Amino acid sequence: MSEIKGTHGVSYNTVDGQYFERRGLRRYAGVFSLWALGVGAVISGDFSGWNFGLAFGWGSMFVATILISIMYLGLTYSIAEMSPALPHTGGAYSFARSAMGPWGGFITGIAENIEYILTPAVIVFFIGSYVEAILGTPSSFQPFYWLAGYLIFLGMNLFGVELSFKVTVFVTLVALAVLVIFFVSAIPHADFGRWAMNIGVGPDGTLIELPDGGGPWFPDGYHGVLGALPFAVWLFLAIEQLPLAAEESVDPRRDMPKGIRLGIFTLILTGFGVLFFNASIGPGSWGLKESGEPLLDGFRSMYGTSIANLLALAAILGLIASFHAIMYAFGRQIYSLSRAGYLPKGLSITHGKHKTPHAALIAGSAVGMAVMLAIWFLYPDDSGSLIGATLLNMAVFGAMLSYIYQAISFILLRINMPDIERPYRSPFGIPGAVATMLIGLVTIYFQVTDPAFRTPVIATACYYAIMILYFAVFGRHRLVLSPEEEFAMTKGAPGHSD
């Protein structure tokens, strides 16, 4: 194996054809499958997690959701342009590599890696919360539910892309059906003023429950809007994973933009729907602000415990849809970074028969489970809601970094590579990318200044710094000319080297 010196202080190892043969993927997905993958990856946010933002008041969560919707529109339309122009499995890493060089590709790829490793951990935590509430088991059972979740869906993801997408389509459609049933059921029970507005300000300035409702829209002032931002993100986080399916899409140049756009508008509708209807019935904003199973609480208030538990079994499929879809995502994301040499190359080997990145899937699952157990033992006496919110903020921190870098990549690609073929162009253009950057920066600012979540976010930042050090010392000398690297080095045109 020989070495080729590249620019920016990196080196490339030459590989033979067998290297990529052992890392092959299989094309399968069309527009409908991509839409289901995008919606399925996010739909769990409608079932759990978003409701922690109600702790700052319903109005604060509402405005935060509007702001985050704007951020995601700017992000997804930028991605809809970049993905068919750079149709590689690398996704965010691929965009940043072409726009900012190998260092930019790595820091973006690792930020997204943090997001995709931790997001399934948050989701399986909420799955455990639902199962615990339904079965009435003690909280000490939680780690067993987490382990079972990882093992079952790791197995499903290992047995081929066809099975992965078929499971994703099924559970996504069921999850959407459960939400529609919930919205329709809530209409005759909804009392917005009584339930959604049942948080007020006490004489000492602390937030209190108002039994009869009628509270202020912003009981915590502008601080409440900032505080709710990370939880509003949970209604949309991971829609940006779709480009990771580029090399398993039948026609990524045509289908990827359609799948992304259909996905984000579906999620905007369901996100605002659950924010209004779930909060407008008992136990209302105050009762939901620390719940690990807010939709189940809503079903209970309408139907009683027995029927609600049956409906909650179907609701768990919403969480399963996201868990399964994001497990797919981190497998492909680790695979792409490994194939290009940014992570150890053994992680990108695919299964000989099923053509799935089994090494990456196993590694990502093991790391996610390890993080969950570490937090479980670090916070043995704290409520489950704190553990869930802690994991959520860690995942959101990685996501915000990734979004900012992707927005910068979009701007730089527009400026520096204006002539590459763009089958789709974002109508929001550079202003949409700038809006994504600004809202992402504000969200990070609040995370690192909020005492409740500062420590885990800083710990995540430290891990991020360690990975950058790994690349500086080892990774940058072990790169491989993968499809993403070839495209970046030729700027999309053979013979044009950077």
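**A salt bridge here is a side-chain nitrogen of Lys or Arg within 4 Å of a carboxyl oxygen of Asp or Glu.** That's the rule to keep in mind for Asp297 and Arg300, whose closest N and O atoms are 3.4 Å apart, so the two form a salt bridge. Like everything in these close-ups, the pair comes from a predicted model. Asp297 and Arg300 are three residues apart in helix H11, so about one helical turn separates them. In an α-helix there are 3.6 residues a turn, so residues three or four places apart point the same way. Asp297 counts as buried, at 14% relative accessibility, while Arg300 is partly exposed, with a relative accessible area of 26%.

**Close-up of helix H11, which spans residues 294-303.** This helix is mostly covered, with seven of its ten residues buried. Pro294, Leu295, Leu296, Asp297, Gly298, Phe299 and Met302 are the buried ones. Just after H11 comes Gly304, and its phi is positive, near 85°.

**Two more salt bridges, each with its own mix of cover.** Going by the same rule, the count comes to five salt bridges. One of them joins Asp255 to Arg254, where the closest N and O atoms are 2.6 Å apart. Asp255 is buried, with a relative accessible area of just 1%, but Arg254 counts as partly exposed at 46% relative accessibility. In another, the side chains of Glu290 and Lys289 meet at 3.7 Å, N to O. Here Glu290 counts as exposed at 54% relative accessibility, whereas Lys289 is buried, with a relative accessible area of 15%.

**Lys289 again, this time with Trp286, plus an Arg over a Trp.** Besides its salt bridge with Glu290, Lys289 lies over the face of Trp286, at 4.2 Å from the ring centre. Arg194 does something similar with Trp195: Arg194 lies over the face of that ring, at 3.8 Å from the ring centre.

**Phe52 and Phe126, a tilted aromatic pair.** The structure holds 32 aromatic pairs. In this one, the Phe52 and Phe126 rings are 6.0 Å apart, centre to centre, with 45° between the planes. The pair links distant parts of the chain, 74 residues apart: Phe52 is in the loop between helix H2 (31-42) and helix H3 (58-85), and Phe126 is in helix H4 (residues 92-135). Both partners are tucked away: Phe52 counts as buried at 5% relative accessibility, and Phe126 is buried with a relative accessible area of 1%.

**Tyr72 and Phe236, another tilted pair.** These rings lie 5.4 Å apart, centre to centre, and the angle between the planes is 35°. Tyr72 is in helix H3, while Phe236 is in the loop between helix H8 (221-233) and helix H9 (252-279), so to speak a link between distant parts of the chain, 164 residues apart. Tyr72 is buried, with a relative accessible area of 0%, and Phe236 is buried too, with a relative accessible area of 0%.

**An aromatic cluster that takes in part of H11.** Trp58, Phe62, Phe182, Phe183, Phe192, Trp217, Phe272, Phe276, Phe277, Phe299 and Tyr303 form one aromatic cluster. Phe299 is a face you've met already, as one of the buried residues in H11.

How values were computed
Residues numbered from 1 in each chain as written. Predicted model: local features only at pLDDT ≥ 70, side-chain atom pairs only at ≥ 80, totals over all residues. Heavy atoms only, no water. Phe/Tyr/Trp six-rings, centres within 6.5 Å; stacked < 30°, edge-to-face > 60°. Helix = DSSP H or I, 4+ residues; strand = E, 2+ residues; numbered from the N terminus. Buried < 20%, exposed > 50% of the residue type's maximum accessible area, 1.4 Å probe, protein only. Lys NZ or Arg CZ within 6 Å of the ring centre and 35° of its normal.
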